[in-house]
Structure formats: C-alpha cells, structure tokens
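The exercises below each set a task and then work through its solution step by step. Please keep the sequence and the coordinates at hand while reading.

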Amino acid sequence: MKDEHEQNAIGKDGTRDWNNKDSPSSQLGQQELNIRDLASGVPVSGSQNSLSRMLYAITVLPDQPKPLLSFLSTVRGVDNSKLSVISHNGLMAILGGTGKDKVVANTENALIYATVIEAVFRNFTVLPVRYGTLMDSEKAVIALLEKYGKAFKQNLSRLENKEELSLKVLWDPQKGNDKIRQQLQAYRVDTPFTGNSVSKEYLLQKLKEHQFDNALQSYVERLVDEICKLVARFNTLHQFKKMVSKTIVLDAVFLLEKGQKKAFTQAIEQLRNKHESLHFFLTGPWPPYNFVELNIK
Amino acid sequence: MENNVIEQSKDVTILEILDRVLNKGIVLTGDLVVSVADIDLVYVGVKVLLSSVETMEQMKYGTYKKREQEISSDER
C-alpha cells in the first residue's frame, strides 16, 4: 500500500476523486462493483447524501484490489443487497445496501451478515463490525477511516494471518455437581458447629454451599490451567469465561496463526480423552471477532 | 444426557454465530451511526441448527426455508 497513491485516488476531501483513472476502484469498471454510486454521491435511497448502508467490516486496501472487489461483487448481503466498498487511507470499508434507516435484527439476517464477513476473512485480514451499524453517508465512512485509521491498521496488523477458535466445555450439571460433591466428601472436614438448633442447620447448609462453590471454582481453575498448558505451544492469545451457565463450564476463545486448527484440535482431543464426563465443543476458524481491540465513541 | 448435550451443542453453534455478529467486533457509537439494532430480541426464536459455515452458505443460497419471525426495531 502506498499512502500517496491512495490520496491521489481518494482526493483531499476524500469524496471527489473516485473516478480518478489511477484509482484502484476505477480500474474495475462500473459493473463489477457499485462503488461509483457511492463515489459519485448518488443517493442510494432517500435524501441526497443518504447511504443507509450497513458497515460489515474493515480491511486493508490491497495493493491489487481487483481480486477482492471482484470477489465481493459475487457476494450478496442482507436483503440480497450488492456489496460495495469505500477505500481511504489504505483501508477499505465493506458495506451493503439496506435502503432503510433501520435494520431488522433477526437470525437470518445475522447469519447472512456473518457469511459475508466469513467469506472476506477466508482470504483477507478483516475487522468485523457489529451487526446493525448503519452509515448515513460516504463522508461518514471516510471520516471513520480517517479518524480511526491508525487503530484500524494496528488491529489489522496484529490480526494478520490469525484466526479465532472457540472452545466450549459442557457437562451434565447433575453429574458434574455430583462429581464435585464426591470430591468434597473425600476431603471432608469436621464441622465446627455443635448442637441441634435451627441456626446450626442453617450454618451447616451455608457452609456446604460455600465449600461446594469453592470446590467447583477450583475444579474449573484446574481445567483452565490444564488447557493453557496444553495449548501453550501454540502461543495463543486466549480469553476464558468460567461457569457461563449450569451446562457450560468454560467458554474460551483462542487466537491462532492460520493453519494450526488441526494441531490445536488434536490437543483438545487429548483433553477430551482425559475428561470423559466433559463435552468439548470446538468451533472455528472464525474471523477474530473477540480479539479486535477498539473503543470507538 | 448425551442427546441433550448434542442438542445443546447445536444450539451453542448458532448462538456462537449470533453472539459474534451481534455482540463482538468493532462497535461504533456516536454521530457516525444512524442506528444500531437492538440485539437482545434476536435471541427470540433461535431454533436453526448449524454445524458449520458451509451450512450457513447453503442456507443463504436457497435451502434456507424457515424464516424467523422478523423483529424490527420499528416494532419496539
């Protein structure tokens, strides 16, 4: 990428030079991508300057953008809309038309949205944007790319050639709790309480609950330690959520170099073989949804 | 329980997709954004079972017949 080239392509005000013959986008021809509609400021719907376009993702403007743009021209977004792009400052925003000022948040749309991001992710580093983010103008998109360009580039650089894997560890709550209680029995200590009063019963119950919670927490902590040791060789970034629900003991995400899924899966299989009462649910590779570090307000 | 876990695993998959799309990634707030969909209601009616992104694509390109009840922000 060459910033000087992009400035020429985009223009100083970021809105006027989309028809520049040197522009990567202008080399594609109008039919390949409806980028000119955006570039020329022709309103997609509604009032002038209105975009009502959903922002899907941010990616790097490739030195040779044609493959990406050609690829995007074959993909359809929410409401079967064509995708379009706005590039600025070495970055590319991927958008899809909605023609609306509000978006429907239903399962189908969310899945289509995920599919678009997934498709781009397969060949390019991508920063996913949360579903439902509508941009009201081309200038707003360019302003976004300008203002947060540095942060976007830092994230894109950090996430280059990386993919996210997700591991959920599930158990049967009843069997799991029984297992923890059995462990508690094995290490049972004499109660410090004496007598037969109601308060004693209450305190005993509270003590048991406290001991159970501690034992459960220790169990999960040991499991986390075990996983961390097992996957240490992958040099991953990871995040763990413990006891997300009665069924989900662990909800973890890992950021790996692309192409390590097979070896990572084998490592998790070792763990599965060791813990037969647990169910290991590994998914991915995902775009790095959980590892984008941006706080935009 | 085994079957329950499998069923839950399938549900987890779809929830994982939705959780990522709706809760993760870059979040923009401020005057750049016209509106941001309220995500909470999308979890209503999550019944579709997925095992892979490929399945998603099959759904996208024709085999997806079941349309969840649309919950637009207009209705809220």
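**Exercise 1.** Determine how far helix 4 of chain A is covered, and what its span is.

*Solution.* Start with burial, where buried means under 20% relative accessible area, exposed over 50% and partly exposed in between, with a 1.4 Å probe and protein chains only. In this predicted model, 15 of the 15 residues of helix 4 of chain A are buried, and the helix is mostly covered. Helices here are DSSP runs of H or I with at least four residues, strands are runs of E with at least two, and both are numbered from the N terminus. Next, take the span: the 15 residues of helix 4 reach 21 Å from first C-alpha to last, close to the 21 Å expected at 1.5 Å a residue, the expected span being 1.5 Å times one less than the number of residues.

The numbering runs from 1 along each chain as its sequence is written, with chains lettered from A and ligands numbered from 1 in the order in which they are written. Local features need pLDDT of at least 70 and side-chain atom pairs count only at pLDDT 80 or more, whereas totals for chains, interfaces and linings use all residues, and side-chain values use heavy atoms, with hydrogens and water left out.

**Exercise 2.** Place N109(A) and find its contacts.

*Solution.* N109(A) lies in helix 4 of chain A, and it counts as buried because its relative accessibility is 4%. Contact means heavy atoms within 4.5 Å; leaving aside neighbours within four places in sequence, N109(A) is in contact with V78(A), D79(A), V104(A) and Y131(A).

**Exercise 3.** Describe the largest nonpolar core and the part that helix 4 of chain A has in it.

*Solution.* A nonpolar core is a set of buried Ala, Val, Leu, Ile, Met, Phe, Trp, Tyr and Cys residues joined through side-chain atoms within 4.5 Å. The largest has 60 residues, and those with the most contacts inside it are Y56(A), I58(A), F152(A) and I26(B). Helix 4 of chain A, residues 107–121, gives the most to this core, with nine residues. Among the residues that F152(A) touches, not counting those up to four places away in sequence, are I58(A), L91(A) and I26(B). A second, separate core of 26 residues includes L216(A) and F234(A).

**Exercise 4.** Is R181(A) buried, exposed or partly exposed?

*Solution.* R181(A) belongs to helix 7 of chain A, residues 173–186, and with a relative accessible area of 41% it is partly exposed.
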